[in-house]
Amino acid sequence: LCPPALRPAVVAIYHFARTGDDLADEGDAPEAERLADLAAYRADLAAVAVGRAPGPRWPRVFGPLAREMARFQLPPGPLHDLLSAFEQDARNPLHADRASLLDYCRRSANPIGRLLLHLYGVADAASLARADAICSALQLINFWQDIGVDARRGRFYVPLDALRAAGLTVDDLKAQRDSAALRVVVADLCRWAAALMDQGAPLALQLPGRAGWELRFVVQGGRAILEKIERMHHATMLQRPTLGAFDL
């Protein structure tokens, strides 16, 4: 559904984000090595943003990205925000509360929506706010979808204040213990994500043509995952819900 003229730019943004994300949390490299790689990655981004040549390590990323940044005048700020989130991923901190999670979403997810709106020529404040709400909702839905998967990888996104209020701790997540109390927490977090999605969803009706239809699929995909989590009684510590052909 992505308009053909925009596809090279979307692919370039995707490969930049995918490679940076992998540097942050794939494989078994120590934290210091990950952060050093991300610093080199950021230096290459800074270079291409001002028309200089990047280093030799990631030609498939920064060659196309440089072309599309020049072609569409893509702002480098959102790309640097993504790197900030990846650097946080490399450190793998816990989140004290929802505000901490939203700050992470502001850097890990919202930049993608803002870059796409830039490509679509949309820049008004209301549309940007709705894009932020959709992107943050999608990031949160992914967290609540992946609680068990993330626990097995030693990553924990459930806010600590929500765990405490339910009489739980991070140790319960580390032990991958499903419980009625945890399901109540997940249900509340899913309602929060759904409210954010509802807040941003009208943007799908504002964008014209293919862009609007693509965003309709994105919004409905996020909602479908939330529905699946509800039907499985919020037991995502035990099973990861996914979408298949029938859902589409």
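**Exercise 1. Find which element gives the most to the lining of the largest cavity in this predicted model.**

*Solution.* Start with the lining itself: Phe143, Trp144, Ile147, Asp150, Ala151, Arg155, Phe156, Tyr157, Val158, Leu173 and Met237. Next, look for elements that give two or more residues to this lining; they are H7 and H8. Of the elements, H8 gives the most, with three residues. To finish, sort the lining by class: nine residues are nonpolar, none is polar and two are charged. The space they enclose is about 60 Å³.

**Exercise 2. Work out what lines the second largest cavity.**

*Solution.* A search of the whole structure gives two cavities of 30 Å³ or more, and the second largest has a volume of about 40 Å³. Around it you will find Gln88, Asp89, Asn92, Pro93, His95, Tyr104, Arg155, Phe156 and Tyr157. Sorted by class, this lining has four nonpolar, three polar and two charged residues.

**Exercise 3. Place Val158 in the largest nonpolar core and list its contacts beyond four places in sequence.**

*Solution.* The core has 44 residues, and Val158 is among those with the most contacts inside it, along with Leu140 and Trp144. Now set aside the neighbours within four places in sequence: Val158 touches His95, Trp144, Ile147, Leu163, Leu173, Val185 and Leu189. Val158 also belongs to the lining of the largest cavity.

**Exercise 4. Decide whether Ser108 is buried or exposed.**

*Solution.* First locate Ser108 in helix H5. Its relative accessible area is 13%, and the cut-off for buried is under 20%, so Ser108 is buried. Beyond its neighbours within four places in sequence, Ser108 is in contact with Leu82, Ala85 and Gln139.

Methods:
Residues are numbered from 1 along each chain as its sequence is written. This is a predicted model: local features need pLDDT of at least 70, side-chain atom pairs count only at pLDDT 80 or more; totals for chains, interfaces and linings use all residues. Side-chain values use heavy atoms; hydrogens and water are left out. A nonpolar core is a set of buried Ala, Val, Leu, Ile, Met, Phe, Trp, Tyr and Cys residues joined through side-chain atoms within 4.5 Å. Buried means under 20% relative accessible area, exposed over 50%, partly exposed in between (1.4 Å probe, protein chains only). Contact means heavy atoms within 4.5 Å. Helices (H or I, at least four residues) and strands (E, at least two) are DSSP runs, numbered from the N terminus. On a 1 Å grid over the protein atoms alone, a cavity is a set of points where a 1.4 Å probe fits but cannot get out, and a pocket is an open set with protein on both sides within 12 Å along at least five of seven lines; lining residues have an atom within 4 Å of a point. Grid points are joined across faces, edges and corners, and a volume is the space filled by probe spheres set on the points. Ala, Val, Leu, Ile, Met, Phe, Trp, Tyr, Cys and Pro count as nonpolar, Asp, Glu, Lys and Arg as charged, and the others, Gly among them, as polar.
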